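Open the model in your viewer and keep the selection panel at hand. The tour goes from one helix to a cavity and then to a helix pair.

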Amino acid sequence: MSINLILTLVTLLAVVIMFLSGKISFGWIGMFCATFLCATGTLSFKDAYANFASTNVVMVGAMFILAGALSKTSLVDHVRNWIMSKGTSGSSIVFLYLLGSILLTQLVSPLGVIAMLLPLTAALDENSPVQPSQLLYPGAVCSHASQAMLPIGAGLTYFVTANALMEANGAEQRFSMFDKSAVVFVPALVAFLYMAFIGWKHFPVIKIDASKIDESRAKTEKKIDPKTEKTIYVVFVLTMIAICFNSYLPFPMYIIPIIADLILGALGCINMKEAKQFVDFNTVMMLAGLLCLATAMQQTGAADLVADLIVKALGGDPSPLAIMIAFYVVGATLTQIMSNTATYNVLIPLAIITCVSRGVDPRGVVLAISCGTTGAMLTPMSSPSIAIAFGAGGYKIKDVFLACLPLWFLYGITVIIMANVRFPMV
């Protein structure tokens, strides 16, 4: 076993520990990978830091800016206000609240969804047929179950980052913009229907403590004129169309969001200060750094070694479907007690190299893990947004666990089925 192979495995172990600890910035972890592997001579300087200029990382940064420009518009407020104006009866309030949670999640994070829909729950008095405690947790669950269902907001960057990890870990296959949508739509629908007709009734009736959410309430004021807002909408829609039909264009897909950002800047829709604020540099640094770890795994043979160990742990000769189910169960379970982002980042590279070593298309497994790790619902430790909903609603862990356990199983079964339908594990 060579020294470079040992150093790569040590780096992998250190990264897993740091992710699981939840105490270290993801961007810092990425930079640790690049710097340690370069300093020890495992990778050359070029290989260690090349991913900061890779097409995937640059495109992710550009998409952050485009999504940020969209967040300046009143689109989110329009959706929220429509939900609040239509809810009258108890059943309609539940239905519209959960539907609004799903729609808003395509534009902002689940944490932002709770803050934006707070006015609706705060408006419910003690005589209302539905109490806030019957909406908060179900809404947070539906929000997580539907993340990246559409290629807007967070979904803008999902297929790019997933493709970057596929490429870095030796997979030849690539995702299209709507692969995640094809897999997550039905599980998200199952979560919505369960909570809308069954789940919400099993949550206790408790008056909300609004002060526990005030600190996370969005207080942004819209400061753009109607003309600028329409311009952002037009540029955004044209960008999505261009990405979908990029094979017919004379330039590569990666440059499309950059062109969109430049157009928005030239038209005065965004400025340089805003552009810098929109980019999540923590994510960019994490991605660029972790991609170099994948490079080291490939160059030193660590990828094959890790894949062999995982295959042996699964029984020596597991079927492709068994690999998918095993990784999904691990991800869906771990995400209930630790960060879903950390769980995802730990499992995805391992899943890809395991599939590649077995000659299996890893896309179905990657999507299954993605859905499993965003299916936060059983405990308040599963995500910050779930924790806030839990605290504000005044629930007990037993309340939410029993109310969501049937959905957790239904959601998992549906994810496995849809991932296998989209990318058959044969």
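How far apart should the end C-alpha atoms of α15 be, given its 20 residues at 1.5 Å a residue? The expected span, 1.5 Å times one less than the number of residues, is 28 Å, and the end C-alpha atoms of α15 lie 29 Å apart, which agrees. This is a predicted model, with local features needing pLDDT of at least 70 and side-chain atom pairs pLDDT 80 or more, while totals for chains, interfaces and linings use all residues. Numbering starts from 1 along each chain as its sequence is written, and side-chain values use heavy atoms, without hydrogens and water.

Select 281–300 to show α15; helices here are DSSP runs of H or I with at least four residues. Step on to G301, which follows α15 and has a positive phi, near 90°.

Next, select L12, L290, L293, N345 and P349, the lining residues nearest the centre of the largest cavity. A cavity is a set of points on a 1 Å grid over the protein atoms alone where a 1.4 Å probe fits but cannot get out, and its lining residues have an atom within 4 Å of a point. This cavity holds about 160 Å³ of space, the volume being that filled by probe spheres set on the points. Add α1 (3–21) and α18 (340–358), which, like α15, each supply at least two lining residues; α18 gives the largest share, 5 residues.

Finally, select α8 (136–145) and α10 (179–197), whose axes, lines fitted to C-alpha atoms over the stretch in contact, are 9 Å apart at an angle of about 170°. The two helices are therefore roughly antiparallel, a term for angles over 145 degrees. Show P138, V141, C142 and A145 of α8 against V184, A188, A191, F192 and M195 of α10; contact means heavy atoms within 4.5 Å.

Conventions:
1 Å grid on protein atoms, 1.4 Å probe; cavity = no way out; pocket = protein on both sides within 12 Å on 5 of 7 lines; lining within 4 Å. Axes fitted to C-alpha atoms, helices over the stretch in contact; angles between N-to-C directions. Parallel < 35°, antiparallel > 145°, perpendicular 65-115°, else oblique.
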